[in-house]
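Here are a few notes to read with the structure open beside you. Have a look at the picture, then work through the points in order.

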There are 2 protein chains.
Amino acid sequence: MAKILTAQTQYFTFDKLVLESKQELKNVTVAYETYGNLNAAKTNAILIAHAFSGDAHAAGFHAGDDKPGWWDSMIGSAKAFDTDKYFVICSNVLGGCAGSTGPSSINPDTNKPYALDFPVITVADMVSAQKKLIDFLGIKKLLSVAGGSMGGMQVLQWAVAYPESLYSVIPIATTMKHSPQQIAFNEVARQSIMADVEWNKGDYYGAKHQPYRGLAVARMIGHITYMSDKSMEEKFSRNRKTASNSSGADFAADFEVEGYLQYRGDSFTKRFDANSYLYITKAMDLFDVSGYKHVAKNKDLKFLVISFASDWLYPSYQSENTVKQLKLKGYNTTYIEIKSTYGHDAFLLEVEGETKLIKHFLNKVSKEI
Amino acid sequence: MAKILTAQTQYFTFDKLVLESKQELKNVTVAYETYGNLNAAKTNAILIAHAFSGDAHAAGFHAGDDKPGWWDSMIGSAKAFDTDKYFVICSNVLGGCAGSTGPSSINPDTNKPYALDFPVITVADMVSAQKKLIDFLGIKKLLSVAGGSMGGMQVLQWAVAYPESLYSVIPIATTMKHSPQQIAFNEVARQSIMADVEWNKGDYYGAKHQPYRGLAVARMIGHITYMSDKSMEEKFSRNRKTASNSSGADFAADFEVEGYLQYRGDSFTKRFDANSYLYITKAMDLFDVSGYKHVAKNKDLKFLVISFASDWLYPSYQSENTVKQLKLKGYNTTYIEIKSTYGHDAFLLEVEGETKLIKHFLNKVSKEI
């Protein structure tokens with residue numbers, strides 16, 4: 001039987017981070033977890049970068065919890081990121097709300113939460129903070145950085161910013177830059193939050209009412225884009241929530257899909273900060289490494305690029321564009337489109353396909369060190 | 001030079017309409033316009049059914065306006081619906097807010113606007129009201145009923161409910177029933193409206209503040225689904241609204257696509273009623289003629305079914321399912337998927353392709369009467 005991982009969030013703090021905007025962020029905290037053991041040569045470390053709403057708790061169980069971390073299916077003994085072999089690290093992104101410094105953190109200049117005084121941050125800033133953590137852990141070169149969706153953007157940013165600190169990278173279901181459609185979905189979500197009077201220009205911390213309604217609608221939009229037309233059909237079809245076929249004019253949920261979205265929207269408000277939603281989606285929209293050159297510093301860097309056939313939020317053509325650029329620059333690049341009906345959620349659900357690819361890839365990279 | 005149509009909205013009223021729910025709606029008004037002339041035999045009448053946010057003003061210019069009706073490119077002298085040959089009618093749907101009875105109308109029982117006391121209405125109810133108008137105009141049998149999107153649902157409903165009153169129908173970019181993804185987009189839009197405190201459980205008529213912010217976000221979601229990934233790329237790419245590359249933390253529009261959506265959302269609030277949004281989208285979601293039998297009453301009824309290659313809101317497979325059912329039942333059915341990059345908006349924009357198909361089809365139908 002596979003060992004069950006117990007997990008605990010740790011906190012790394014440092015004095016300041018100079019942001020891409022040249023602004024300085026003071027007293028920065030990075031929440032992180034690690035699984036497995038770092039070898040003596042410190043060559044078996046893998047950084048996992050989480051997606052938009054993820055956190056540092058990628059695997060294992062926190063004491064008392066009955067649900068494991070968000071990528072537990074992929075991280076653990078004998079799993080894709082095999083903790084018997086590798087030392088796996090995951091940290092909450094800068095701008096987040098799960099332990100790392102973000103707009104809900106206390107501004108040392110005012111002793112109040114930053115709210116909109118928090119500076120605009122970028123994916124490059126998220127990665128700078130991760131680099132400081134990796135340095136702190138004494139790791140000179142990561143065996144790999146892997147992640148899906150916004151996690152994949154961080155992966156690509158690592159390859160651009162710190163190619164000499166990497167043996168390999170695994171960008172999954174991601175893009176070098178958001179298309180206008182991807183920006184549009186984020187913008188509508190932001191508008192939904194900012195339309196909530198309780199948002200109060202970002203100044204709602206400690207207030208009696210919170211911008212939960214706007215945040216819930218934003219999350220509902222997200223969930224539509226994470227599934228595919230087909231996976232929604234398979235999961236919900238036109239099934240009704242109640243036996244009744246005649247809907248009242250109260251506009252409560254008639255269909256199962258409506259109940260599902262409402263549930264996901266509501267539960268999201270219990271764990272996510274509305275301002276973090278604004279800052280992190282903006283970082284995604286501003287991200288653009290489609291013209292980068294720096295990655296040429298390490299021609300031995302290996303890429304495993306994965307996309308999913310039914311993912312219409314980060315469609316395969318975006319991964320194909322990444323692969324085209326990498327191949328043009330002469331990189332060792334493997335690209336696989338996994339057949340799936342799960343849509344963008346596939347990067348969390350297609351465990352078998354991903355495990356096979358990633359295990360093999362990491363084995364090969366490890367041997368060639 | 002083609003003649004320029006002048007148009008004027010007219011109002012047809014009747015005492016009551018028995019709804020699908022068996023409820024009675026009293027003092028019903030149907031706003032409508034007509035273009036061209038009814039022939040002596042009354043066999044050249046075509047009903048145009050509008051999409052979700054349309055109105056009776058389909059073609060021509062209202063006195064003083066510099067913009068014509070919403071399908072003016074298709075209706076007029078020598079156009080697809082040639083007003084030199086045909087008598088074209090368009091009416092605002094029941095539940096709407098452009099002259100026909102809807103939730104913003106005065107409830108004769110209370111002398112106040114209905115708001116949520118307005119009964120739930122269905123696409124079948126919209127079509128019953130249209131049938132009363134057609135009867136009032138003295139037309140026994142329509143040469144055709146045509147419409148795109150929700151207009152196409154009304155077209156299919158006409159074929160189900162009144163097959164003996166039709167020579168032909170033209171359902172465009174539509175479906176026999178909404179998929180869970182289509183329901184989901186409507187539900188998120190409804191939730192956005194209902195999340196606006198100014199919505200006030202539908203009771204906002206005459207109030208100081210209106211639920212414009214929720215309504216604008218709902219419309220923004222809609223506009224994303226009306227375009228395609230490709231048409232957004234062609235129209236906006238990642239173009240910035242301002243010269244600045246560094247965005248401030250005010251979360252104003254950085255990208256052109258954001259400015260576009262905000263503009264469309266805001267301007268929509270000036271012409272559309274939030275409660276109508278709820279009632280009409282609910283009618284679309286409840287619509288389901290996938291199991292209908294009645295259409296068998298008129299085996300001579302001709303179908304022209306049109307879909308568009310890049311339409312992901314009403315994807316071609318839905319039109320193909322309609323066609324499959326019609327052919328199984330032995331109907332004279334022509335189906336064309338028009339190549340287009342415009343997404344769902346194609347039914348308003350692919351004028352050349354539609355004109356060719358529809359002109360030819362109507363010619364044929366007219367000759368065979």
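The points below go through aromatic pairs and one charged patch.

1. Before anything else, keep in mind that this is a predicted model.

2. Start with the aromatics: over all chains, the structure holds 35 aromatic pairs. One of them joins A:Phe52 and A:Tyr277, set edge-to-face with 4.6 Å from centre to centre and 70 degrees between the planes. This pair ties together distant parts of the chain, since its two residues are 225 residues apart. A:Phe52 is in the loop between strand S3 (45-49) and strand S4 (75-76) of chain A, while A:Tyr277 belongs to helix H7. Both A:Phe52 and A:Tyr277 are buried.

3. A:Trp70 and A:Trp71 make another pair, this time stacked, at 5.5 Å centre to centre and with 10 degrees between the planes. Are these two buried or partly exposed? A:Trp71 counts as buried because its relative accessibility is 0%. A:Trp70 has 25% relative accessibility, so it counts as partly exposed; the cut-off for buried is under 20%.

4. Back to A:Phe52 and A:Tyr277: ring pairs link them with A:Phe268 and A:Phe272 into a cluster.

5. Now for the charges. Which residues form the positive surface patch? They are A:Lys67, A:Lys235, A:Arg264 and A:Arg271. Look for A:Arg271 in the loop that runs between helix H6 (256-269) and helix H7 (274-286) of chain A. A:Arg271 counts as partly exposed because its relative accessibility is 43%, and partly exposed covers the range between under 20% (buried) and over 50% (exposed).

Notes:
Residues are numbered from 1 along each chain as its sequence is written. Chains are lettered from A and ligands numbered from 1 in the order in which they are written. This is a predicted model: local features need pLDDT of at least 70, side-chain atom pairs count only at pLDDT 80 or more; totals for chains, interfaces and linings use all residues. Side-chain values use heavy atoms; hydrogens and water are left out. Patches are made of residues with over 30% relative accessible area and no salt bridge: like charges are joined within 9 Å, nonpolar side chains (Val, Leu, Ile, Met, Phe, Trp, Tyr) within 5 Å. Accessible areas come from the Shrake-Rupley method with a 1.4 Å probe; for residues, only the protein chains shown count as cover. A salt bridge is a side-chain nitrogen of Lys or Arg within 4 Å of a carboxyl oxygen of Asp or Glu. Lys and Arg count as positive and Asp and Glu as negative; His and the chain ends are not counted. The place of a charge is taken as NZ of Lys, CZ of Arg, CG of Asp or CD of Glu. Helices (H or I, at least four residues) and strands (E, at least two) are DSSP runs, numbered from the N terminus. Buried means under 20% relative accessible area, exposed over 50%, partly exposed in between (1.4 Å probe, protein chains only). Rings of Phe, Tyr and Trp (its six-membered ring) pair if their centres lie within 6.5 Å; planes under 30 degrees apart count as stacked, over 60 as edge-to-face and the rest as tilted.
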